[in-house]
Amino acid sequence: MKILVCISHVPDTTSKINFTDNDTKFDTNGVQFVINPYDEFSLTRAMWFKEKQGATVTVVNVGEASTEPTLRKALAIGADDAIRVNVNPTDGFLVAKELAAIVKNGGYDVVLAGKESADYNGQMVPGMLASLVDFNFVNGCVGMEVDGTAVSATREIDGGEEKVSTSLPIVIAGQKGIVEEKDLRIPNMRGIMMARKKPLNVVESSGVIASTETQSFEKPAPKGAVKLVDNVDDLINLLHNEAKVI
Amino acid sequence: MSVLVFADSSEGKFKKTAFEVVSYGKKVAEELGTNLVALTINGGDASELYAFGAEKVLEVKNDLSTFNAKAYASIINQAADAQSANVVVIDSSVDGLYVAPMVAVAMDAGYASNVVALPSSTAPFTVKRKAFSNKAFSNTIVSTEKKVIGIAKNSYGAHENAVSGTAEAFSANVPEMGVKSESVDKATGVITIADADIVVSAGRGLKGPENWGMVEELASVLGAATACSKPVSDLGWRPHSEHVGQTGKPVASNLYIAIGISGAIQHLAGINASKVKVVINTDPEAPFFKAADYGIVGDAFEFVPQLIEKLKAFKQA
Ligand SMILES: Cc1cc2nc3c(=O)[nH]c(=O)nc-3n(C[C@H](O)[C@H](O)[C@H](O)COP(=O)(O)OP(=O)(O)OC[C@H]3O[C@@H](n4cnc5c(N)ncnc54)[C@H](O)[C@@H]3O)c2cc1C
């Protein structure tokens with residue numbers, strides 16, 4: 001089984017978000033980048049398939065050279081090789097089309113991604129990729145098994161879960177549940193040493209044109225100070241008469 | 001040209017978000033000087049959509065007993081084609097988020113998700129979207145001729161705008177589905193975090209799972225859903241489905257009440273889209289006080305039971 005794991009390179013969840021160049025660019029100054037948390041769950045599931053079912057695992061990122069440490073980290077966790085598509089990922093559709101070019105040439109059975117990225121939170125790429133390459137697709141996946149070419153998966157729905165059956169080839173958009181938090185791996189020294197020698201292939205754009213463009217960023221208006229009360233009567237009164245939410 | 005909205009439903013009843021996308025689509029259609037068409041798939045009564053501005057409702061009735069993303073995406077695309085719709089508006093329910101990217105590919109449309117406001121301009125078509133886990137917004141230009149717009153939940157809101165509408169049957173082909181539903185496991189009769197107007201959430205400050213009785217009671221008095229912080233679900237005090245925050249479920253309710261939750265950045269990122277936030281915490285330095293609108297510095301074990309009693313009286317009055 002050949003698995004491709006899509007890795008997004010995102011600011012750490014504690015990062016301060018600021019913009020530069022007249023609010024047109026994300027300010028990366030002092031920001032620590034990590035593997036997107038959702039992708040990390042999917043990557044960890046891929047490692048399970050590697051160890052238990054002999055799968056090979058390739059990781060891919062659409063991004064500029066600055067994302068390579070994030071790919072190396074995925075290699076240190078245990079992926080076999082990495083691909084970087086040398087494109088600035090400005091639009092979800094653009095990323096999906098670049099990934100589709102990789103998937104079409106790669107003979108992958110399973111593409112694992114995260115259900116969203118922690119930067120733009122678009123929730124676009126996995127579904128677009130699946131449609132572009134005509135693979136089956138399970139979104140918001142909290143569990144999956146592969147048996148031959150049959151796939152059984154569980155996805156989160158409003159207020160519960162749905163079990164589905166489907167088949168390879170497939171795109172999975174994972175989240176916590178596909179593996180648990182305790183299953184996540186921190187790369188060890190040996191993994192980090194080995195990762196340096198693993199192939200990281202850089203490929204150029206397949207010539208895709210973006211369909212959306214960020215004109216500017218803005219931050220939410222500063223919030224007024226909290227109103228403190230010392231009894232529940234005042235609280236109920238404010239929620240009813242001022243905020244009008246009860 | 002027209003604007004098409006997909007009015008999502010579950011078990012024959014429209015979701016709340018259906019009224020929000022119809023309201024939004026109506027305004028966009030007005031701005032573009034065109035008409036609005038709402039599509040329903042085994043949905044509710046079309047007149048419910050007329051109330052929010054849908055002049056024309058296309059009703060698909062078929063034997064799909066549950067949602068299927070590939071089938072729904074294909075039907076939405078067929079309807080967009082039949083109506084020459086250049087703009088398709090979809091909600092951010094789990095189903096909406098599942099189909100919208102597939103619709104965008106089928107239409108070869110630029111897709112902007114998480115949109116929180118009407119377009120600031122229609123030429124170029126520019127929308128404001130949530131980004132960086134509610135810590136910022138991006139003003140995005142969708143430059144393609146066809147566009148798919150995903151509306152963030154409880155952002156634009158539903159606005160009544162009654163029109164005299166007409167409904168017509170729409171027959172669409174259902175493609176090979178690829179993914180088959182085997183079973184659905186869903187709590188019945190409880191209010192889900194996704195649908196709730198009010199969410200009552202509690203954290204590690206409550207000390208142990210045995211103390212959740214008062215959280216559930218407060219939620220039931222308010223007709224609210226219950227939620228929790230991440231450590232609470234990691235510790236197994238509450239089910240994973242209640243975990244909210246950046247890595248859990250997003251909350252975009254009208255009122256969010258946080259009890260014994262410190263307000264870590266990852267927690268706030270997931271609940272910040274809620275309109276009004278209340279915190280009850282013993283520690284006046286807890287970061288949640290910076291994010292909240294109203295707060296009580298105090299012990300949950302003292303104030304929550306009082307709040308329940310007083311709210312019961314308030315509800316009866
Ligand atoms: C990558 C990453 C992702 C994360 N994602 C999430 C996420 O999605 N959601 C999430 O919630 N967290 C998330 N976290 C964890 C987050 O950083 C915090 O650790 C967590 O939110 C803290 O939960 P808490 O507020 O319940 O507990 P604590 O931080 O322990 O806070 C408990 C609070 O209760 C108060 N308290 C104590 N006793 C009482 C009392 N009797 N009455 C009233 N108040 C009392 C205390 O003053 C304290 O403020 C994430 C962390 C990381 C690193």
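A polar contact is a pair of N or O atoms within 3.5 Å; within protein, one must be able to donate a hydrogen and the other to accept it, and residues adjacent in sequence count only if both atoms are side-chain atoms. I shall use that term for the ligand in this predicted model, where local features need pLDDT of at least 70, side-chain atom pairs count only at pLDDT 80 or more, and totals for chains, interfaces and linings use all residues. Residues are numbered from 1 along each chain as its sequence is written, chains are lettered from A and ligands numbered from 1 in written order, and side-chain values use heavy atoms, without hydrogens and water.

The ligand sits between chains A and B. Which atoms of chain B make polar contacts with it? A nitrogen atom of the ligand is 2.9 Å from a backbone N or O atom of B:Ala300. An N or O atom in the side chain of B:Asp299 also lies 2.9 Å from a ligand nitrogen, and a backbone N or O atom of B:Gln246 is 3.0 Å from a ligand oxygen. Taken alone, the ligand exposes 970 Å², of which the protein buries 77% (Shrake-Rupley method, 1.4 Å probe; for residues, only the protein chains shown count as cover).

Turning to the surrounding shell, 28 residues lie around the ligand, each with a heavy atom within 4 Å of it. Among those that come nearest are B:Ser229, B:His267 and B:Asn281. In chain B, α6 (230-234), α7 (265-271), β17 (276-281) and α9 (300-316) each supply at least two shell residues; helices (H or I, at least four residues) and strands (E, at least two) are DSSP runs, numbered from the N terminus.
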